[in-house]
Amino acid sequence: MKHLVLMKFQPNAYNIRVKEEIENTYRKIKHDLPDILLSYVIREKCLAGRGMDLLIELTLTNPNVLEQYLTHPAHQAISEKYNPYLQERCSFDYED
């Protein structure tokens, strides 16, 4: 199963320090949850025309892992810290 999140930050709220903190958080989550097979944080202008700043992609062994990820303390902390700086956020899941 794939879980993807696209984020667009408010102007001047996203920078290399934010990206590195998010990457470190996702490395920790992946280390803590072995059922997350792959974790990518990509900083590019994602989704042409919408100017999303960040794409996060997770590959999970099964749909039940999603709840573990969403309730993981590191995920909750990073979300709480940066959600106030988001203009847009979109997440979706699909199975291969």
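**Exercise 1. Is E57 buried or exposed, and what relative accessible area does E57 have?**

Setup first. The model is predicted: local features need pLDDT of at least 70, side-chain atom pairs count only at pLDDT 80 or more, and totals for chains, interfaces and linings use all residues. Residues are numbered from 1 along each chain as its sequence is written, and side-chain values use heavy atoms, with hydrogens and water left out.

Solution.
- Step 1: fix the classes. Buried means under 20% relative accessible area, exposed over 50%, and partly exposed in between (1.4 Å probe, protein chains only).
- Step 2: apply them. E57 has a relative accessible area of 18%, so E57 is buried.
- Step 3: place the residue. E57 sits in strand β3. Strands (E, at least two residues) and helices (H or I, at least four) are DSSP runs, numbered from the N terminus.
- Step 4: list its surroundings. Not counting residues up to four places away in sequence, E57 touches K2, H3, L4, L38, S39 and Y40. Contact means heavy atoms within 4.5 Å.
- Step 5: pick out the polar partner. The side chains of E57 and K2 make a polar contact at 3.0 Å. A polar contact is a pair of N or O atoms within 3.5 Å; within protein, one must be able to donate a hydrogen and the other to accept it, and residues adjacent in sequence count only if both atoms are side-chain atoms.

**Exercise 2. Describe helix α1: its span, its start and its two sides.**

Solution.
- Step 1: check the span. α1 has 17 residues and reaches 24 Å from its first C-alpha to its last, close to the 24 Å expected at 1.5 Å a residue. The expected span is 1.5 Å times one less than the number of residues.
- Step 2: look at the start. There, a side-chain oxygen of N15 comes to within 2.9 Å of the backbone nitrogen of R17.
- Step 3: collect the buried residues. In α1 these are V18, K19, I22, E23, T25, Y26 and I29.
- Step 4: find their direction. They cover an arc of only 160° around the axis, so they lie on the same side of α1. The arc is that of the directions from the helix axis to the C-beta atoms.
- Step 5: turn to the other side. I16, R27 and H31 are exposed there.
- Step 6: zoom in on T25. Its relative accessible area is 12%, so T25 is buried. Leaving aside neighbours within four places in sequence, T25 is in contact with A74 and I78.

**Exercise 3. Analyse the buried face of helix α3.**

Solution.
- Step 1: list the buried residues. They are A74, H75, I78, S79 and Y82.
- Step 2: look down the axis. The buried residues of α3 fall within an arc of 130°, so they line one face of the helix.
- Step 3: name the opposite side. P73 and E80 are exposed there.
- Step 4: find the cover. Elements over the buried residues of α3 include β1, α1, α2 and β4 (86-94).
- Step 5: test S79. With a relative accessible area of 19%, S79 counts as buried.

**Exercise 4. How many aromatic pairs are there, and where does the Y26 and Y69 pair lie?**

Solution.
- Step 1: set the rule. Rings of Phe, Tyr and Trp (its six-membered ring) pair if their centres lie within 6.5 Å; planes under 30 degrees apart count as stacked, over 60 as edge-to-face and the rest as tilted.
- Step 2: count. The rule gives 3 aromatic pairs.
- Step 3: take F9 and Y14. This pair is tilted, with 4.8 Å centre to centre and 35° between the planes. Both F9 and Y14 are buried.
- Step 4: take Y26 and Y69. This pair is also tilted, at 6.0 Å centre to centre and 45° between the planes. Y26 lies in helix α1 and Y69 in helix α2 (residues 65-71), so the pair ties together parts that are 43 residues apart in sequence.
- Step 5: check accessibility. Y26 is buried at 5%, and Y69 is buried at 1%.
- Step 6: group the rings. F9, Y14 and Y82 form one aromatic cluster.

**Exercise 5. Which residues touch the most other members of the largest nonpolar core?**

Solution.
- Step 1: define the set. A nonpolar core is a set of buried Ala, Val, Leu, Ile, Met, Phe, Trp, Tyr and Cys residues joined through side-chain atoms within 4.5 Å.
- Step 2: read off the residues. Of 24 residues in the largest core, F9, I22, I36, L54, I56 and Y69 touch the most other members.
- Step 3: assign elements. Those giving two or more residues to this core are β1, α1, β2 (36-46), β3 (52-60), α2 and α3 (73-82).
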